[in-house]
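Please open the model in your viewer and keep the sequence panel beside it, since each stop of this tour begins with something to select.

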Amino acid sequence: MSMRPALPSWATWWQRPFPNANTLLLNGRHPALVDTGFVGHAQETANWARAHTGAVELVFKRILPCRS
């Protein structure tokens, strides 16, 4: 059961499995993406954001290196 509070209609949350990071998409006139995921998942994140808002104008990203 998720203990996450309800979000406003203009916010979309993507909870990824551990150890990946979570993503928050803020829809509106200038959609913004807040993501701290692994750089190896960048294309997956971009595809997810486009599917939810079309185009993202602002990206707040903390890139974490992939470990092999």
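## Starting at strand β1

Select Ala11 to begin, a residue that lies in strand β1. This is a predicted model, and every stop below should be read with that in mind. Ala11 has a relative accessibility of 13%, and because buried means under 20% relative accessible area, Ala11 counts as buried. Keep Ala11 selected and add Gly28, which is 17 residues away along the chain, and you will find 9.0 Å between the two C-alpha atoms.

## The whole chain

Now colour the chain by secondary structure, and you should be able to pick out one helix and four strands. If you trace them from the N terminus on, the elements run β-β-β-α-β. The chain has 68 residues, of which 25% count as buried.

## The sheet

Select the four strands together: they make an open sheet with the order β1-β2-β3-β4, and the pairing within this sheet is mixed. Which strands stand at the edges? They are β1 (11-14) and β4 (58-61), and each of these has a single partner strand, so one side of each is left without a neighbour in the sheet. From one strand to the next, the twist averages 10°. As you look at the sheet, remember that strands pair through backbone hydrogen bonds, either parallel or antiparallel.

Go next to β1 and β2 (residues 23-26), which run antiparallel and are joined by four bridges. Two pairs are worth selecting here: Trp14 has Thr23 in β2 as its bridge partner, and Thr12 has Leu25 in β2 as its partner.

Move across to β2 and β3, where the pairing is again in the antiparallel sense, over four bridges. Thr23, which you have just met as the partner of Trp14, also stands opposite Asp35 in β3, while Leu24 stands opposite Val34 in β3. Between these two strands, which form a hairpin, there are five residues, and Gly28 in this hairpin takes a positive phi near 150°.

The last step across the sheet takes you from β3 to β4, two strands that run parallel and are joined by four bridges. One pair to select is Leu33 with Val59, since Leu33 stands opposite Val59 in β4.

## Two faces of β2

Return to β2 and show its side chains. In a regular strand the side chains alternate between the two faces of the sheet. Which residues of β2 are on its covered face, and which are on the uncovered one? Thr23 and Leu25 make up the covered face, whereas Leu24 and Leu26 make up the uncovered one.

## The aromatic pair

Select Trp14 and Trp48 and show their rings, for the structure holds one aromatic pair. The ring centres of Trp14 and Trp48 are 4.9 Å apart and the planes stand at 20°, so the pair is stacked; the cut-off behind that word is that planes under 30 degrees apart count as stacked. This pair links distant parts of the chain, because Trp14 is in strand β1 and Trp48 is in helix α1 (residues 42-53), 34 residues apart. Are the two residues buried or exposed? Trp14 counts as buried, at 18% relative accessibility, and Trp48 is buried too, with a relative accessible area of 13%.

## Along helix α1

Stay with helix α1 and select Ala46, which is also found there. Ala46 is partly exposed, with a relative accessible area of 23%. Add Val56 to the selection, 10 residues from Ala46 along the chain, and the C-alpha atoms of the two are separated by 8.8 Å.

## A nonpolar patch

For the final stop, show the molecular surface and select Val34, Leu58 and Phe60, which form a nonpolar patch there with about 250 Å² of accessible area together. Val34 has its place in strand β3 (residues 32-35), and you have already seen this residue with Leu24 opposite it. At 32% relative accessibility, Val34 counts as partly exposed.

How values were computed:
Residues are numbered from 1 along each chain as its sequence is written. This is a predicted model: local features need pLDDT of at least 70, side-chain atom pairs count only at pLDDT 80 or more; totals for chains, interfaces and linings use all residues. Side-chain values use heavy atoms; hydrogens and water are left out. Two strands pair if DSSP finds at least two bridges between them. Axes are lines fitted to C-alpha atoms, for helices over the stretch in contact, and angles run from 0 to 180 degrees between N-to-C directions. Rings of Phe, Tyr and Trp (its six-membered ring) pair if their centres lie within 6.5 Å; planes under 30 degrees apart count as stacked, over 60 as edge-to-face and the rest as tilted. Buried means under 20% relative accessible area, exposed over 50%, partly exposed in between (1.4 Å probe, protein chains only). Patches are made of residues with over 30% relative accessible area and no salt bridge: like charges are joined within 9 Å, nonpolar side chains (Val, Leu, Ile, Met, Phe, Trp, Tyr) within 5 Å. Accessible areas come from the Shrake-Rupley method with a 1.4 Å probe; for residues, only the protein chains shown count as cover. A salt bridge is a side-chain nitrogen of Lys or Arg within 4 Å of a carboxyl oxygen of Asp or Glu.
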